[in-house]
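Below are some short points on this model, for comparison with your own reading of the coordinates.

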Amino acid sequence: MKTFQKLKQRPELWKQYWVREQVIDAIRAFFKGRGFHEAEVPLLLPTPSTEPFLEVFKTELADDQGKRWDGFLPSSPEFALKKLLSAGSGSIFTITKSFRNGEGRSSRHNPEFTILEWYHTPGDYMTVAQDFEELMREIALATGGDGKILKYQGSSYAINSSWERISVSEAFKKYAGIDTETMLDRDKLKEASKKKGYQVDDESTWEEMWNQIIANEIEPKLGVNGPTIMYDFPVSQAALAKKASDPRFAERWEVYLAGYELGNCFSELTDWVEQEARCKADLLERKKLGKTEYPMDHDFIEALKLGMPETGGIAVGVDRLVALFADTPSIADTLFFPIEELFT
């Protein structure tokens, strides 16, 4: 039965689906009240951003004279917003659609999804952490909660106190028994992975092994009593972030709650030379991985040359926020047109 049919038969379900409206209204009110501008971004691009591990949706633009251009749906609005930041927009946010192909369907991902991105300038990744703590409390109040406790699927999570913070190095040591030097060295990590029983061989990359440990031993331990921010990722895992005081790491964090990874935050890289080099490396990695190929967005680099201010930025999955505040086990239970109903 399709969602529109369920809503007709069971009108009491409308309350669950309108939580999305409440969440988005609360987000807008939060940022407007703090002087952020809301920016609209394009959904058809000549070249998307360069994340090497994300697959894109490719299409074609044609004019009435028969001229044709490759077109792509964005995997995030990041490059568009950074162009505006470099032009002098000040702090900005957007609530828009983004698209990621080839990732399957799950209770926590829809190939077409709603994303919130905001950029706080002047600021850095910890400025944004404070924003997010305050935003979550405002959303809780707007959806009928007390702003202190989020109740989700029979458990209670504290959201009013300062959120737990743990570095990636601390998390590897605490939850996987792996020290920093071992974590960052491919050969040492390979031996540690073998001892843990993971299937690794000479073809296994450092990133594959690192991700196995993150997914199986660390992420399940995060966000169990309230939101957890895991910060300072290895620099290879943060292509758009500034390096931390230890140059092996970058100023990036992710936040976890109730089994969801909710947001990915950076102190944004402002050095156009380094950014151009990282983008080129990402595009080479995409080619090696067999992903859809496309040129680099040179306008993005030209914008950075104008001088992007010191900025903290984050991408947040709105569908996951809605599922949490609607207390539903799947994001599909809050979407009027989930992908499984459109493509069967």
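How many residues does helix α5 have, and how far does α5 reach from its first C-alpha to its last?

1. The model is a predicted one. In it, helix α5 covers residues 125-142, which is 18 residues, and spans 26 Å between its first and last C-alpha. That is close to the 26 Å expected at 1.5 Å a residue.

2. Both ends of α5 have a local feature to check. At its start, a side-chain oxygen of D124 comes to within 3.0 Å of the backbone nitrogen of M126. Just after the helix, G144 has a positive phi of about 95°.

3. The buried residues of α5 include the nonpolar V128, F132, L135 and I139. D131, E133 and R137 are also on the list of buried residues.

4. The largest nonpolar core has 44 residues, and L116, W118, F132 and W253 have the most contacts inside it. Helix α5 gives the most to this core, with eight residues. Apart from it lies another core of 24 residues, F172, I178, W206 and M209 among them.

5. W118 touches several residues of the α5 segment, including V128, D131, F132 and L135. Its other contacts include F31, F36, I92 and F93, as well as G312, G313, I314 and V316.

6. Why does C265 form no disulfide? The closest cysteine sulfur, in C279, is 18 Å from that of C265, too far for a bond. C265 is buried at 0% relative accessibility, and C279 is buried at 1%. A search of the whole structure finds zero disulfides.

Notes: Residues are numbered from 1 along each chain as its sequence is written. This is a predicted model: local features need pLDDT of at least 70, side-chain atom pairs count only at pLDDT 80 or more; totals for chains, interfaces and linings use all residues. Side-chain values use heavy atoms; hydrogens and water are left out. Helices (H or I, at least four residues) and strands (E, at least two) are DSSP runs, numbered from the N terminus. The expected span of a helix is 1.5 Å times one less than its number of residues. Buried means under 20% relative accessible area, exposed over 50%, partly exposed in between (1.4 Å probe, protein chains only). A polar contact is a pair of N or O atoms within 3.5 Å; within protein, one must be able to donate a hydrogen and the other to accept it, and residues adjacent in sequence count only if both atoms are side-chain atoms. A disulfide is a pair of cysteine sulfur atoms within 2.5 Å. A nonpolar core is a set of buried Ala, Val, Leu, Ile, Met, Phe, Trp, Tyr and Cys residues joined through side-chain atoms within 4.5 Å. Contact means heavy atoms within 4.5 Å. Lists of a residue's contacts leave out its neighbours within four places in sequence.
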